[in-house]
Amino acid sequence: MADVIFWVIAGITVLSAFIVVLNKNLIHSAVALLFTFFGVAGLYAFLWADFMAGAQVMIYIGGILVLIMFGIMLTNKIQSVNISHSSMQKNAGAVVVVAILGLLIWMIQKTPWKITTAEEPIQTTGQIGNLLMSEYLLPFEVASILLLAALIGAAMLSRKTK
Amino acid sequence: MSIIRGEEMVLNIGPQHPSTHGVLRLKVKTDGEIVSEITPVIGYLHRCFEKHCENITYEQVIPYTDRCDYIAAMNNSFGYVIAIEEMMDIHVPERVEYIRVIMAELNRIASHLLALGTNGLDIGAFTPFLYMFRDREYILDLFETVCGARLLYNYMWVGGLSHDLPVGFVEAAYKFLDNFEPQIDEYNNLLMYNKIFVERTADVGVLPADVAINYGVSGPNLRGSGVKWDLRKNEPYSIYDRFEFDIPVGEGIMGSVGDCWDRYWVRIQEMRESVKIVRQALKQLPSEGDIHEAIPRKIRPPKGSIYKRTESPRGDLGYYIVSDGKPKPFRVKMRSPAFTAMSVLDEISRGWMLSDVLAILGSLDIVLGEIDR
Amino acid sequence: MINEQVAQKLETQFPGAVIVQEEPVEDCIMLTSDQWQDVAKFLRDDPELKFDSLQCITGVDLGDENPMDVRYNLHSMSLLHKIEIRIPVKKDNPTIPSIEKIWRIGDWFEREVYDMYGIRFEGHRDLRRMLLPEDWEGWPLRKDYETPQTYHGMVVPKVKS
Amino acid sequence: MNGLFESGFMLIVGLTIAGLVIFGLMAAIAIIAVYIERKVSAFMQDRIGPMGQGAGLHAGKWGLLQTVADSLKLLLKEDIIPKAADRKLFILAPYIIFIAAFIAIAALPFNQVLIAVNLNIGVFYILAVSSLGIIGLILAGWASDNKWSLYGGMRSAAQIISYEIPAALSIVSVIMLTGTLSMQGIIQSQAGTILGFIPNWTIFNNPFSFIAFFVFFIAGVAETNRTPFDIPEAESELVAGFHTEYSGMRWAFFFLSEYANMFVVCGVTVTAFLGGWLSPISGVMDSPTWGLFWFMSKIGVLIFIMMWFRWTFPRLRVDQLMNVSWKYLLPIALFNIFGVGLWILLVG
């Protein structure tokens, strides 16, 4: 049974990802992205990473996707509903996609995966918290400094030069 | 404020919109939430008042004046009848004068209640609006006992009144005033000194005194800008010189002089003053007197013209009447105070946000029936 | 200060601006339209006059062959005096200088007079119909105005008078 | 997920029944809340509100059936989709908003046993899915092809994003005290008393969590778009904001979600700060039935306060609204986290 649900979620994720890329309407792409993010959150849940799933929904849907929609609405003519973008060089893109896909499949088959039976971790949240504050403290802080720099940079860019 | 300038968007507020106080259309140019230009489009309620007047007799005009400013019908016909009386040199009996003042002041209270309530409603406060309507109903009840109508009275006639006061009116009026006065404090506690209301109105839509005069803004709006000007005091008509009352002016208590809050405050204070006037008038009211005594048989003002203005709840209400000696007026022009108040909207709401524009519009207290006529 | 004094002052300041009436019936000053803008500015700014408030602009069609009048009621808030000014305009091609920049309220009042009488105010920034629809034909408050038979294909009902 | 159901059929049946129960609950909450709101507003405004009239069943006794009749009317209304609207998104938007409210209810603990899914990360889950609703609001505003809707959609998105931050930070201070993200865990850690008589609820635990309660509740009112924070649907400015073009059943979905959101926000507040289904007097009347009663009545009080706000306050302006969030609530919430940390270190 769990397999079926897994395949359904995986299918939704991949399909909506295709729509994101292929749809001509930007807003429709953004909405399709919603389902992609949700599907990924579902996959996290499958891996017993419930905190990750929650974070995925909160950050990617509640934050990034809203930001994307804001961006689209603020940069385009807001009066009209139909805004579109054209995708160019589909053929070249398809070649690249096929090449990368082949590489990935090849890699997946070659890698010696460690296979064990799934067991439910008691509390992922606590473990994540401990790891972030001990072992991965430096990367965590570096990432936040990077984000801060990005924030200031964005604010600088959006200011109109006098 | 505008570091990033986006695309300007034209927004059509109205003619059907919850806070246009009638059928008004505002073409608003917005940059995001900031308003850069407002073009009021009026005339949706135009009923050819002035053209009508040229085709009907003088006394038939009175119901039409009622319909111009349907919120303060008494005050509107008051101005008209005293203009005709001045042309014809009619002196009405004392009792009539007192009754007219009582009615006009009661109607001023009713009008201000509506103005204040809808101003609150524009800012999002629903409950004070209903409280004020409740008290307005009592005034309308009083009018109903007097002339049978609740909105359009046709009560003031040239040289007199349509009906005398009914039995028990004075007592009922006293009772209303006693009940009403403490209510004003309740409104103040609920709305005027509310932190959010102050935030929304103080320093918003400031109308400086010189701009106000240049734009012909009058009445509470002008007084809100700190100009002590009231026709009842400065150019007394009827018997207003017999009463003692103050002219409240905006003092910038919460923000700067002439902001929306000051206009609101002035109206609240004016209601208190009106209550004072009504009390004095009720006290001095002569018990004897035939109210139909001075009504002329034929209303034919002599050739000539007159410009007569009175203080309606919205400001200087002027009638320019030209007579050619015939039974029908040759020309009646109504100078409506809301018309001038409306024209200043663009000037004082540029650079404010969309929500402020509606707060400012509400604070100017416009009545579309009077603007369009 | 009453009308005669103002009229005298204007006559000395702007020769030829005041139309002298043989027997003044009413309390007003008749002016020609040529210097009206300068006169208006003078009326507003002169320290003895200080007419800072324009009360009302009324258009009047005197009927028949008479010219139309534009009547201005001025009032001084500080000196508490008021005058009425009348400026006759010809019926065919009626024009008059706009005083909209001197008293801002003139903007809307002039538009209203234009709307009803077709008197064009030269120099007005935005002279459009105000109360009537933009596509209305004719000037309704003129005495020779005839009610149109139809409006946008709708028959206008006849009213007995 | 955990193989509770043997066959797919059973799973689908189970999910459908659970879904229907929650849906019924939502509808019931909305209908009751709307009726109460009408009566509350009426009494506050010196009116009597909906009443049955004369003989026959007009709106039932005391107008009890008024909202039922209204919802029937909404069901029967013509479904209008504007021609210029983006049809697909126009249809999708109310469902997204509804689903966000719907799946949040699943993690609310009504009493000791009555909870649809007792997640390990319950509070976090509710905060996460409530952010889903924003997408629906933006879409509704965008797809209507109406300037008022667009204004409403943009305003509400900006508003909800701003207020989510102080709300989440206030919850962080609660989590620091209780040490768990699970809704039931949070409630259980509030059992007992302080000084023998004050219930050991988070709100009474220390001065900082007392402030955190107010921060969270104010942010919660803002997130549900209610007065004084109702600028997205500000009637006197934006007509009806993002749902200007919606009518009939689709509009009813917005309405339903608004009241469901109120319920969820109050539910989280009660769980995190007011001891959830715990009895106010420790050890007295603490059976599951009483638990349900306590939970619902605490929520009822908070919802009443929200209504009280609505019928008393004027509306804030959009920049003032942002100021409240970024200049007041956010610093206070951050300070609270610091304070709670110190409190735990020094006292508890």
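Q: What makes up the charge count of chain C, and how far apart do the mean positions of its two kinds of charge lie?
A: In this predicted model, chain C carries 20 positive and 30 negative charges, where Lys and Arg count as positive and Asp and Glu as negative. The mean positions of these two sets are 5 Å apart.

Q: How do you know what share of chain C is buried?
A: A residue is called buried when its relative accessible area is under 20%, and residues that meet this condition make up 51% of the 161 residues in chain C. The surface that chain C exposes comes to about 8,200 Å², and carbon and sulfur atoms supply 50% of it.

Q: What makes the pattern of chain C, read along the sequence?
A: Chain C has three helices and nine strands, and in sequence order they follow α-β-β-α-β-β-β-β-α-β-β-β.

Q: Why is B:Gly315 called buried?
A: The relative accessible area of B:Gly315 is 0%, and the word buried applies to values under 20%, so B:Gly315 meets the condition. This residue lies in strand S7 of chain B, which runs over residues 315-323.

Q: Which residues beyond its sequence neighbours are in contact with B:Gly315, and how do you know?
A: Contact is counted when heavy atoms lie within 4.5 Å, and, once neighbours within four places in sequence are left aside, B:Gly315 is in contact with B:Ser218, B:Gly219, B:Pro220, B:Thr310 and B:Pro337.

Q: What makes chain B as compact as a globular protein of its length?
A: Chain B, whose secondary structure comes to 15 helices and eight strands, has a radius of gyration of 21 Å, and this is close to the 21 Å that the globule rule gives for 373 residues, so chain B is as compact as a globular protein of that length. Buried residues make up 66% of those 373 residues.

Q: Which residues of helix H2 in chain B are buried, and why can they be said to line one face of the helix?
A: Helix H2 covers residues 58-68 of chain B, and its buried residues are B:Tyr58, B:Val61, B:Ile62, B:Thr65, B:Asp66 and B:Cys68. Seen down the axis of H2(B), these residues fall within an arc of 150°, so they line one face. An α-helix has 3.6 residues a turn, so residues three or four places apart point the same way.

Q: What covers the buried residues of H2(B)?
A: The cover includes helix H1, helix H3, strand S4, S7, strand S8 and helix H15 of chain B, and S7 is the strand in which B:Gly315 lies.

Technical notes. Residues are numbered from 1 along each chain as its sequence is written. Chains are lettered from A and ligands numbered from 1 in the order in which they are written. This is a predicted model: local features need pLDDT of at least 70, side-chain atom pairs count only at pLDDT 80 or more; totals for chains, interfaces and linings use all residues. Side-chain values use heavy atoms; hydrogens and water are left out. Helices (H or I, at least four residues) and strands (E, at least two) are DSSP runs, numbered from the N terminus. Buried means under 20% relative accessible area, exposed over 50%, partly exposed in between (1.4 Å probe, protein chains only). The radius of gyration is taken over C-alpha atoms; the globule rule is 2.2 Å times the number of residues to the power 0.38. The arc is that of the directions from the helix axis to the C-beta atoms. Accessible areas come from the Shrake-Rupley method with a 1.4 Å probe; for residues, only the protein chains shown count as cover. The place of a charge is taken as NZ of Lys, CZ of Arg, CG of Asp or CD of Glu.
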